[in-house]
Amino acid sequence: MTGKFIVTPWEVKGNIDYDRLISEFGVSKIDDALLHRIERNAGELHYFLRRGIFFAHRDLKWILDEYDKGNKFFLYTGRAPSGNIHLGHMVPWIFTKWLQDRFDAELWFQFPDEEKFLFKDDITLADTEKYTTENMLDIIALGFNPKKTKFIIDTKHAGLMYREACKIAKKITFSTAKAAFGFTNEQNIGAIFYTAMQAVPAFLPSVINKKKIPCLIPHAIDQDPHFRVSRDVIPKIGYPKPASIQCRFLPGLGGMNDDGKMSSSSGDNATVFTTDDEKTVRKKIMKYAFSGGKDTVEEHRKLGGNPEVDISYQWLTFFEQDDRKLEKIYHEYRSGSMLSGEIKQILVDKLTMFLRKHQMEREKARDKVESFILKL
Ligand code: TRP
C-alpha cells in the first residue's frame, strides 16, 4: 500500500487512494452503465467523466430518473472564501458549468463567508468578505448563466437561511458531528453548527418555491462528510435527499506523494493561481512541476518517462480536452521520445491559453457581481 492519507473537509494530505475513499465514505463508483446513462441524458460525456476525474456519486441514478420524468433538478455547490482561487478549485466548477448547460439547470452557489473564520485562527471576517467578491469573479468568469445562477452569502442571507439551519441543527447531535468530522470538546461551537449552514442551499429552493425540487451537488470528495450528515436529516424535515457527484483533486505541483490536493496553504509555488501572469506560470511549471522523467537525456530516451507520477502529464489530463492529443503525449513521453522539458512546455502553452481567456472574463465579471447575488 502507498501509506497514509487524510481527507476531511479541513485537511487533505498524502497519496490518496480513491478506491479506499469510496468504501470509507460510502459513496458509489460511477460505473460504465451510469456513464452511458449520463451520456444519453446529456447528449455527450464530459472528459472529466471519461477520465474518472468525477468518479463517485450518491443517488445519481435517481436524479436522472426524475429528470426523465420531467422533474428537473437544481445544482448546488459552493466556495468558502479564504484566499485566491487556484486551478484546483476550478475543477468542480468547470464541471458544474457543463451540467448547467447540458441539463438547463438552475445553480445555487453558496459563499459561506463564516466557514474559514470559524475553522482557522488567522483569518478575520473582513478578510473573508474581501475574498468573497474576488472569488465571485472567478466563478462568473467560467460563464455560468446569469439568469439561472444565484449566489448566496451566509452572513448576507442569514435572515433567509438561519430558520432552515435551525431545523437542521436540531436534528444533528454532537455525537453525530463528532463521528462525521472528528470534533473534540475543544472545538468552538460555531464550527460545530456550521454544517447546518452548508446543508441549507440543498433544499432552500424547495422552501422558496413551496415544492419539492431534486438537488444535485457537484463537489470535491473532501466535502462528502457534510452531505453524508445532511442527507440523513433533510428528509426528516420534509425535503428530498440531495444527490451528489464527487471529483478527485488536482495534485499539487510538487507531486502526489507529499500533497494529494493542490493546496494554497502549501506555498505559492505548489499552485497556479487564476491571476498568475504568463511568466509566473511558466516559471512555476518549469521549476516546480514534479517530473516523471529520467535524470539524463540518454537514460530518458532509453527507458522513457513515467506519466503516472509526472505532474505535467497529470495536469494535462485535467486541461487537455482532446483525448487523441492526450494519448499521443502519453505514448511519446512513456517511450522516451518526448522529454520532460517538452511535456512541460505543452502544459505551459495549454495553461497560458486557458488563463488568458479566464483573466479577460474575470475582469469583465466585475460589473456582473451584483446581478448574480440572490435578491430577497
Ligand atoms: N465547504 C466548502 C469549502 O470549504 C464550501 C461549500 C459550501 C461547498 N457549500 C458547498 C462546496 C457545496 C461544495 C458544495 O470551500
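A crossing of two helices is called left-handed if the near helix is turned anticlockwise from the far one by less than a right angle, and right-handed if clockwise. The close-ups below come from a predicted model, in which local features need pLDDT of at least 70, side-chain atom pairs count only at pLDDT 80 or more, and totals for chains, interfaces and linings use all residues. Residues are numbered from 1 along each chain as its sequence is written, and side-chain values use heavy atoms, with hydrogens and water left out.

**Figure 1. Helix α7 crosses helix α17.** Here we look at residues 125–141 (α7) and residues 340–364 (α17); helices (H or I, at least four residues) and strands (E, at least two) are DSSP runs, numbered from the N terminus. The axes of α7 and α17 come within 8 Å and cross at roughly 120°, where axes are lines fitted to C-alpha atoms, for helices over the stretch in contact, and angles run from 0 to 180 degrees between N-to-C directions. This crossing angle makes α7 oblique to α17 (under 35 degrees is roughly parallel, over 145 roughly antiparallel, 65 to 115 roughly perpendicular, and the rest oblique). The crossing of α7 past α17 is right-handed. On the α7 side, Glu134, Leu137, Asp138 and Ala141 make the contact, and on the α17 side His358, Glu361 and Arg362 do so; contact means heavy atoms within 4.5 Å. Sorted by class, the residues joining α7 to α17 are 2 nonpolar, 1 polar and 4 charged (Ala, Val, Leu, Ile, Met, Phe, Trp, Tyr, Cys and Pro count as nonpolar, Asp, Glu, Lys and Arg as charged, and the others, Gly among them, as polar).

**Figure 2. Helix α2 meets helix α5.** The axis of α2 (residues 32–42) comes within 9 Å of the axis of α5, and the two cross at roughly 55°. Helices α2 and α5 are therefore oblique to each other. Look for Ile38, Asn41 and Ala42 on α2, which make the contact with Trp98, Arg102 and Phe103 on α5. This set has 4 nonpolar, 1 polar and 1 charged residues.

**Figure 3. Helix α9 passes helix α12 in a right-handed crossing.** Between α9 (residues 174–181) and α12 (residues 224–233), the axes come within 9 Å and cross at roughly 150°. Helix α9 brings Thr176, Ala180 and Phe181 to the contact, and helix α12 brings Pro225, His226 and Val229. The class count for α9 with α12 is 4 nonpolar, 2 polar and no charged residues.

**Figure 4. Two salt bridges sit within helices, one in α1 and one in α4.** Side chains of opposite charge can pair when their charged atoms come close. A salt bridge here is a side-chain nitrogen of Lys or Arg within 4 Å of a carboxyl oxygen of Asp or Glu, and a search of the whole structure finds 27 of them. In helix α1 (residues 18–25), Arg20 and Glu24 are 4 residues apart, about one turn of the helix, and their closest N and O atoms are 3.3 Å apart. Arg20 is partly exposed, at 31% relative accessible area (buried means under 20%, exposed over 50%, partly exposed in between, with a 1.4 Å probe and protein chains only). In helix α4 (residues 60–68), Lys61 and Asp65 are likewise 4 residues apart, about one helical turn. Their salt bridge has an N to O distance of 3.2 Å. Lys61 is partly exposed, with a relative accessible area of 48%, and Asp65 is partly exposed too, at 26%.

**Figure 5. Arg163 and Glu164 share a salt bridge.** The closest N and O atoms of this pair lie 3.9 Å apart. Which partner is exposed? That is Arg163, at 58% relative accessibility, whereas Glu164 counts as buried, at 3%. Elsewhere, salt bridges with shared partners link Glu134, Asp138, Arg362, Glu363 and Arg366 into one network.

**Figure 6. Asp104 and Lys210 have positive phi values.** Most residues other than glycine have a negative phi. For Asp104, phi is near 50°. Asp104 belongs to the loop between α5 (87–103) and β6 (107–111), and counts as partly exposed at 40% relative accessibility. Lys210 also has a phi near 50°. Its loop runs between α11 (204–209) and β8 (215–220), and at 74% relative accessibility Lys210 counts as exposed. To place Lys210 relative to Figure 4, its C-alpha atom is 40 Å from that of Arg20, 190 residues away along the chain.
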